[in-house]
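Colleague: Please take one part of this model, the surroundings of the nucleic acid, and go through it closely. After that, set it against the rest of the chain.

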Amino acid sequence: MIDAAEILSDLTEPQRQAATHTDGPLLIVAGAGSGKTRVITRRVAYLVSLGIPPSSVCAITFTNKAAGEMKERVGKIMGRPVRDFGRLDQAWPMVCTFHSLCLRVLRHYAPMIGLPSNFSIFDSSDQSKLVKEATKILELSSTNFPAGKVHHTISGQKNQLITAAAYAQSVGDFYQRNVARIYIKYDELLKQNNALDFDDLLLKCVLAFRSHPPMLAELQERFQYLLIDEYQDTNHAQYILAHALAQKHRNICVVGDPDQSIYAWRGADIRNILHFEQDYPDAKVVKLEQNYRSTKTILAVASKLIASNKQRREKSLWTENEQGEKVKVILCQDEHDEAATVARMMKELHDQQNIGWNGMAVFYRINALSRVMEDALRRAGMPYVMARGVEFYNRKEIKDVLSYLRVIANPADEVSLDRIANMPTRGISDGSIKSLQGFGVSNGVGLWESFTRADQVPGMTTRAQGSVLKFVGLIESFRAKAQAGDVRALMEDVIRRSGYEEYLRKIGGDELEELANVNELISSAAEYDSEHPEGSLEDYLAGVSLMSDTDHLKDNGGAITMMTLHAAKGLEFPVVAMIGLEEGCLPHSRARESESEMEEERRLCFVGITRAEQRLIMTKALYRTIRGLRERTVTSPFLTELPADDVEVFDRTKLGGLDRGASSGYGSDDDIDDALPNKSQFKRGQLVRHPQFGIGKIAEISEVGSHTRAVIEFKNAGRKTLILQYARLEAVG
DNA sequence: GTCTTGGATATTTTT
DNA sequence: TATCCAAGAC
């Protein structure tokens with residue numbers, strides 16, 4: 001039995017309140033660095049210590065990584081590992097992602113809701129392929145309807161729980177009407193492939209809740225205690241899902257920080273957390289405001305910045321940590337100067353302050369900024385790692401092998417079938433595939449059945465038909481083998497007998513990196529087999545489809561970490577440098593036109609700042625070369641929002657070429673203000689020029705909070721609403 | 001089946 | 001400017 005007192009022994013009072021509130025809705029507003037993970041893990045353990053059956057506790061996270069960490073920590077506190085068989089019916093607390101939960105539900109209730117349980121899950125590249133196919137079938141131009149954009153729209157609709165039919169009814173203009181047609185076609189194709197996309201997992205689950213009340217009732221009974229992490233990043237579908245599950249017992253605990261919501265662009269709705277108390281008027285609210293991570297100075301800088309946001313709830317972070325050094329704001333000459341300066345400062349900290357390389361990080365808004373920084377570090381001989389997802393599961397060889405398995409498990413999966421039919425080459429040409437597809441269409445059968453009847457398909461040589469039938473025999477023998485449920489054995493057999501291994505050896509040269517990756521996949525399958533004695537190929541595939549591998553990027557082995565601000569969320573480093581604090585970069589140029597986007601950019605900046613424990617460096621380059629064009633930049637408004645007392649500005653742009661060691665040019669805030677456009681020159685009727693939209697006339701101008709917003713009629717680009725401080729407007733005449 | 005070339009395109013990224 | 005992708009050449 002776990003001892004409740006021990007679980008709670010090292011929690012502060014607010015943390016304790018959050019961990020021990022058992023019944024009724026609970027909102028934990030967890031400020032940056034306030035010990036959030038500690039609180040949630042203790043809470044789960046505490047619930048179990050009260051005698052609540054572990055299986056009735058469900059903690060939902062956003063990433064596999066977060067789920068994995070939480071599982072481990074909960075297991076540690078409970079004194080036994082949290083086992084996870086990837087199924088709905090298990091005796092441990094369920095700690096998983098939204099998608100994983102939905103997948104378990106859909107598979108568990110598949111017979112009830114009329115879903116074949118061997119469905120494939122399509123990842124984003126499969127999804128794009130289907131969107132392209134749908135666009136083509138409808139004879140729409142792929143230029144006017146680019147797959148990426150269309151898919152983003154469809155995904156957005158699904159996350160809003162808007163089905164294809166509903167979307168088709170609601171939309172008006174030409175573009176949307178056609179996207180709606182593509183959406184409908186795309187869904188048909190998914191169905192044909194017996195596949196769901198990521199968004200479907202959520203959508204179908206909610207739809208099943210609505211159409212099958214007994215199923216929902218069962219789940220509500222099962223999950224008496226719900227906990228949702230990173231609640232500020234939930235989208236509408238997730239919101240509905242969570243509340244549907246919580247409706248009966250109302251023991252829903254949500255944890256998050258509105259100030260760290262940075263995923264609106266993929267559907268996150270910050271209002272979910274801001275309005276929690278309207279959803280549950282009897283909710284208990286616990287604010288975790290003590291920060292254990294950063295110095296007083298860093299915290300002050302972060303707080304002052306985020307205070308400019310309106311879409312937030314008041315929260316005041318405080319810390320008992322030391323005051324710390326002032327935040328260094330460095331105005332650099334250009335990106336090379338910037339990179340060299342950051343490198344030099346980090347080297348100094350390493351050599352003189354004895355700070356390890358892995359205690360330092362460089363953050364940037366867009367990946368494009370990493371290049372020059374990387375060069376500078378390499379030239380200085382400093383170790384670094386780039387934390388962009390290595391994307392193990394997106395690698396060609398991994399996808400190829402998994403495609404074999406998917407075809408074996410799900411004969412309807414034509415996207416995978418098409419991928420592997422001639423991989424490695426076995427005499428099944430594109431032409432043959434076309435003939436097979438044609439046969440399928442005219443006989444009303446799927447592609448797989450066409451394959452099995454290749455000898456009846458016109459337009460193919462006997463030889464090609466033979467190749468196809470041989471392939472069919474191969475897959476069928478794999479299917480027979482799959483029955484045994486030994487995934488590793490099957491996978492090895494597939495790689496060997498399909499000729500894929502030989503193919504990799506042939507193309508691999510000396511490195512054989514691809515083969516090594518495939519071997520890693522085999523080991524992971526072996527692991528799956530041993531952990532899931534009752535497992536099946538279908539279960540394995542279901543689990544693996546939701547994997548990505550940001551988790552692979554830990555253990556940087558003593559190197560400076562470079563990453564985007566988005567990737568930095570949840571991490572912490574003694575020393576942080578944020579580069580590119582310029583208008584158009586942070587805030588990003590695409591976010592200039594609405595207040596809410598600006599606020600998200602500000603939150604992004606806030607997230608970056610609050611990653612720093614001891615020292616923070618923020619840089620800006622006066623000139624930056626973007627896409628080959630060297631342009632003078634404008635200082636980020638965020639820099640001007642920082643409290644002057646807590647920052648030290650070093651202006652390197654006035655050093656006149658002598659730069660070595662000259663980190664003394666102590667500038668004032670004027671330097672920053674000088675760089676901002678003077679807004680008073682703009683009034684109604686004024687003619688202006690915009691770098692993108694050209695010439696226009698200000699039709700309306702208004703103060704919105706701290707910003708001046710102008711509605712401008714552009715000659716060529718039409719009517720736009722711009723925020724003066726951020727739009728690089730030039731007065732004309 | 002692989003190499004070449006032209007054209008478009010250029011945030012952030014998990015599941 | 002650089003990179004990615006699709007379509008065409010060998």
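Modeller: A residue counts as near a strand if one of its heavy atoms lies within 4 Å of it. The model is predicted. By that cut-off, the residues around DNA strand C are K132, R371, R627 and G628. They divide into 3 charged, 1 polar and no nonpolar.

The polar atom pairs at strand C begin with the phosphates. A polar side-chain atom of K132 is placed 2.9 Å from a phosphate oxygen of DNA strand C. The side chain of R371 also has an N or O atom at a phosphate oxygen of this strand, at 2.8 Å. G628 takes part through its backbone: one of its backbone N or O atoms lies 3.2 Å from a sugar or linking oxygen of DNA strand C.

DNA strand B has 22 residues around it, the closest being N64, R365, T425, S548 and T564. The surface near this strand is made up of 13 polar, 5 nonpolar and 4 charged residues. Which part of DNA strand B lies within 4 Å of the protein, the bases or the sugar and phosphate? Of the strand atoms within that distance, 48% belong to sugar or phosphate, and the rest belong to bases.

The individual pairs at strand B show each kind of partner. For the bases, a polar side-chain atom of R365 is 2.2 Å from a base oxygen of DNA strand B. For the phosphates, an N or O atom in the side chain of N367 is 2.8 Å from a phosphate oxygen of the strand. For the sugars and linking atoms, a polar side-chain atom of H588 is 3.1 Å from a sugar or linking oxygen of DNA strand B.

Two cis peptide bonds deserve a mention here. Most peptide bonds are trans. The bond from M423 to P424 is cis, with omega near 0 degrees, and P424 belongs to the loop between α20 (414–420) and α21 (430–443). T425, one of the closest residues to DNA strand B, has a number that falls in that loop as well. The bond joining L586 and P587 is also cis, with omega about 10 degrees. P587 lies in the loop between β15 (573–578) and α29 (595–609).

Now the rest of the chain. Chain A has 733 residues, of which 54% count as buried, and its secondary structure comes to 31 helices and 23 strands. Among its contacts with a separation of 6 or more, 73% are between residues 24 or more positions apart.

Helix α27 (residues 537–545) is largely enclosed by the rest of the structure, because 7 of its 9 residues are buried. The buried ones are L537, D539, Y540, L541, A542, V544 and S545. R107, in helix α5 (residues 98–108), touches two of these residues, D539 and A542, as well as S117, F119 and E538, leaving out residues up to four places away in sequence. R107 itself has a relative accessible area of 19% and so counts as buried, the cut-off being under 20%.

D199, in helix α11 (residues 198–211), is buried but has no salt bridge. K158, the nearest side chain of opposite charge, is 5.8 Å away, whereas a salt bridge needs the atoms within 4 Å. Instead, the D199 side chain makes a polar contact of 2.9 Å with the side chain of S155. Beyond its neighbours within four places in sequence, D199 is in contact with S155, K158 and N159.

Two residues stand out by backbone angle. Most residues other than glycine have a negative phi. L161, in the loop between α8 (147–159) and α9 (164–170), has a phi near 65 degrees. L161 counts as buried because its relative accessibility is 11%. E230 has a positive phi of about 50 degrees and lies in the loop between β6 (225–228) and α13 (236–246).

Last, N272 sits in helix α14 (residues 271–274) and is buried, at 6% relative accessible area. Its contacts beyond four places in sequence are with Y231, T234, N235 and Y239. N272 and H236 are 36 residues apart in sequence, with their C-alpha atoms 8.1 Å apart.

Notes: Residues numbered from 1 in each chain as written. Chains lettered and ligands numbered in written order. Predicted model: local features only at pLDDT ≥ 70, side-chain atom pairs only at ≥ 80, totals over all residues. Heavy atoms only, no water. Helix = DSSP H or I, 4+ residues; strand = E, 2+ residues; numbered from the N terminus. Buried < 20%, exposed > 50% of the residue type's maximum accessible area, 1.4 Å probe, protein only. Lys, Arg positive; Asp, Glu negative; His and termini not counted. Polar contact = N/O pair within 3.5 Å; in protein donor to acceptor, adjacent residues only side chain to side chain. Contact = heavy atoms within 4.5 Å. Nonpolar A, V, L, I, M, F, W, Y, C, P; charged D, E, K, R; others polar.
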